[in-house]
Amino acid sequence: MSILVSLSDYTIIVIMNNKTYIEPSRELGVRAEVDVLVVGGGPSGIMAAYAAAKDPSLKVMLIESRGYLGGNLTIGLPILAFLGPKGNQVVKGEPQKFIDRLKARGAASDHKPCKLHTSLTIINSEEAKTVAQEMMEERKVEVLYYVFCSDAIVENDTVKGVIIESKAGREVIFAKTIIDCTGDADVAFRAGVECHKGDEDGGLQPPTLMYQMRGVNVQALRDAIVNHPEEYDMDRMPPEQFKEGKFITVGLRNQIRKAQQEGLDVPVSRTILITGLEEDEIWVNMTRVSGVDSTRPESYTFGEMTARKQMKVVTEYLRKFVPGFENARVETVAPFMGIRESRVIVGKYVMTAQDMIGSKRFSDVIAVGGYPVDIHHAKGGDCTMVFLNDSYDLPYRVLVPEKISGLLVAGRCSSMNHEAMAGTRVMSTCMALGEAAGTAARVAIESGKAVADVSVEKVQKELLLNGAYLG
Ligand SMILES: Cc1cc2nc3c(=O)[nH]c(=O)nc-3n(C[C@H](O)[C@H](O)[C@H](O)COP(=O)(O)OP(=O)(O)OC[C@H]3O[C@@H](n4cnc5c(N)ncnc54)[C@H](O)[C@@H]3O)c2cc1C
């Protein structure tokens, strides 16, 4: 039985299922037995698989529920914070080599410094998918698309494998080490790792369905911000930042207020627009649906459907109130709604905002982050940002679940509290965490150790050899 429940600002479908079904036990086919299995092919997963497969004698597999690699690299977002608050580059190694490959085919910009986001790097989503796939082929990573990891096989508190679902049915993949890069900590959660979601009230940063507009007169937008900053306001970013190069607008609060006074129900208080690689291209980051939990399909569905309706209002706002959009058209909608926050694991160390603000250094550093705390309010509207004076270390222990072994968790679901993940979630940091996890898995197998007991010094040495920045 399902019932519709109306809450103040949205309606959700709650499945009231007072019956259960006992699934008969059955024998499952084993599809593969590998050394390292990476689950999820987003920014962290790509780096994890590539780093693990550096040793050609290891059998590395990457499974992905969609039909391409990239995760949120494919929804029209710039990569933020390759540069840290002091302007120096804090993410190097494999993530930088990935950008270099994109640049070689005209599919990435330079890292442009930014007063709000530390830096932005514009990429072409389609080329990102292709490059990621080529990297997997280069290192002979076995990639399997269209499989969803639905469960974990755990024996004596050690993850031994996963269960996957696909058109071929339910199957098993066994692995010596599994790296969970699902964004939602799906493997860890199923394996019984303690996970958290959201702030103290369970409030999650709202998701966004990104979309692209073409036919934008970007120069007109640039001129308005540079020449009339009192009218076309920007958060923290000086007008000069918009004179040349790629940019993100975060502001135009005046324009949104005007639109709202005229009755347009714009769902955000800031106009967030991202230039693309093409001259007339802008990606719009302005739909926002509060209360969405990506781990509940009915909730995620509600989010997708609501955001699609919001696009109409946002587009009307842009055309009427933002210079340069008068004749712009919606060209492409991202393939899925991007999730800012869901589950994070409780690892051997839980990173906090204080660690970031205090630029804390750790002896087991495996990556460095530079992005500020950037919390989009769970109830919608605005955002809280806490800026940093310097970059911060990420310790190896944020990848390692507290109790379950055989598993590392990299990307936005690594061990962070709500405030910390609001900074470490950017793709540069997720890629660095992925590279560290893949490297650790490789070093652990090579030295006959479990990932929880690997020599972190050896992992650091390997990362540095590969050009990573560890402070
Ligand atoms: C709207 C929005 C705006 C953002 N803006 C920026 C920005 O401007 N710049 C920036 O750097 N960052 C930004 N971020 C943050 C960033 O995009 C994410 O935090 C980051 O991509 C997380 O990387 P990840 O590898 O952990 O996960 P993801 O990118 O989410 O990748 C996870 C992958 O795992 C796959 N997967 C998931 N579950 C399973 C499963 N059970 N089985 C198999 N496969 C599975 C998914 O299909 C996906 O490919 C933004 C995020 C959102 C949502």
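Two residues are counted as in contact here if their C-beta atoms, placed from the backbone, lie within 7 Å. With that in hand, the model, which is a predicted one, can be toured starting from Met 213. This residue is found in strand β13, which covers residues 211–214. Leaving aside its neighbours within four places in sequence, Met 213 is in contact with Ile 282, Val 284, Ala 328, Arg 329, Val 330 and Glu 331. Met 213 counts as buried because 23 other C-beta atoms lie within 10 Å, and the cut-off for that label is 20 or more. Closeness in sequence says little about closeness in space for one pair: Met 213 and Lys 197 are 16 residues apart along the chain, yet their C-alpha atoms are separated by 33 Å.

Next comes the ligand. A shell of 38 residues surrounds the ligand, and the closest of them are Gly 40, Gly 42, Gly 71, Gly 338 and Gly 411. Several elements give two or more residues to this shell, namely α1 (43–52), β4 (60–64), β5 (79–80), β9 (148–155) and α10 (427–446). Sorted by class, the shell holds 16 nonpolar, 15 polar and 7 charged residues.

Helix α10 turns up again in a helix pair, this time with α11. The axes of α10 and α11 come within 9 Å and cross at roughly 120°, so the two helices are oblique to each other. Their crossing is right-handed. On the α10 side the contact is made by Glu 435, Ala 436, Thr 439, Ala 440 and Val 443, while α11 brings Lys 458, Val 459, Glu 462 and Leu 463. These residues divide into 5 nonpolar, 1 polar and 3 charged.

Val 459 deserves a look of its own. It sits in helix α11, which spans residues 456–465. With 22 other C-beta atoms within 10 Å, Val 459 is buried. Not counting residues up to four places away in sequence, Val 459 touches Ile 366, Tyr 396, Ala 436, Thr 439, Ala 440, Val 443 and Val 454. For one of these partners, Thr 439, the C-alpha atoms of the pair are separated by 6.4 Å, although the two residues are 20 apart along the chain.

A second helix pair is made by α2 (residues 93–104) and α3, whose axes come within 10 Å and cross at roughly 120°. That angle makes α2 and α3 oblique to each other, and their crossing is right-handed. Where they meet, α2 offers Phe 98, Arg 101 and Leu 102, and α3 offers Glu 127, Ala 128 and Val 131. By class, this contact has 4 nonpolar, no polar and 2 charged residues.

Two loop residues go with these helices. Arg 105 is found in the loop between α2 and β6 (112–114). It is exposed, with 11 other C-beta atoms within 10 Å. Arg 105 and Lys 59 are 46 residues apart in sequence and 30 Å apart in space, going from C-alpha to C-alpha. Lys 140, in turn, is found in the loop between α3 (125–138) and β8 (142–145). Lys 140 is exposed as well, with 11 other C-beta atoms within 10 Å.

The backbone at Lys 140 is also worth a mention. Most residues other than glycine have a negative phi. Lys 140, which is not a glycine, has a positive phi of about 55°. Leu 252 is another such case, with a positive phi near 50° in a residue other than glycine. Where the two part ways is burial: Lys 140 is exposed, whereas Leu 252 is buried, with 28 other C-beta atoms within 10 Å. Leu 252 lies in the loop between β14 (248–251) and α6.

That loop leads on to the last helix pair. Helix α6 (residues 253–261) and helix α7 (residues 297–321) have axes that come within 10 Å and cross at roughly 110°. The two are therefore roughly perpendicular to each other, and the crossing of α6 and α7 is right-handed. In this contact, Gln 255, Lys 258 and Ala 259 in α6 meet Tyr 317, Lys 320 and Phe 321 in α7. By class, the contact of α6 with α7 has 3 nonpolar, 1 polar and 2 charged residues.

How values were computed: Residues are numbered from 1 along each chain as its sequence is written. This is a predicted model: local features need pLDDT of at least 70, side-chain atom pairs count only at pLDDT 80 or more; totals for chains, interfaces and linings use all residues. A residue is near a molecule or strand if its C-beta atom, placed from the backbone, lies within 6 Å of it. Helices (H or I, at least four residues) and strands (E, at least two) are DSSP runs, numbered from the N terminus. Ala, Val, Leu, Ile, Met, Phe, Trp, Tyr, Cys and Pro count as nonpolar, Asp, Glu, Lys and Arg as charged, and the others, Gly among them, as polar. Axes are lines fitted to C-alpha atoms, for helices over the stretch in contact, and angles run from 0 to 180 degrees between N-to-C directions. Angles under 35 degrees count as roughly parallel, over 145 as roughly antiparallel, 65 to 115 as roughly perpendicular and the rest as oblique. A crossing is left-handed if the near helix is turned anticlockwise from the far one by less than a right angle, and right-handed if clockwise. A residue is buried if 20 or more other C-beta atoms lie within 10 Å of its own, exposed if 12 or fewer, and partly exposed in between; C-beta atoms are placed from the backbone.
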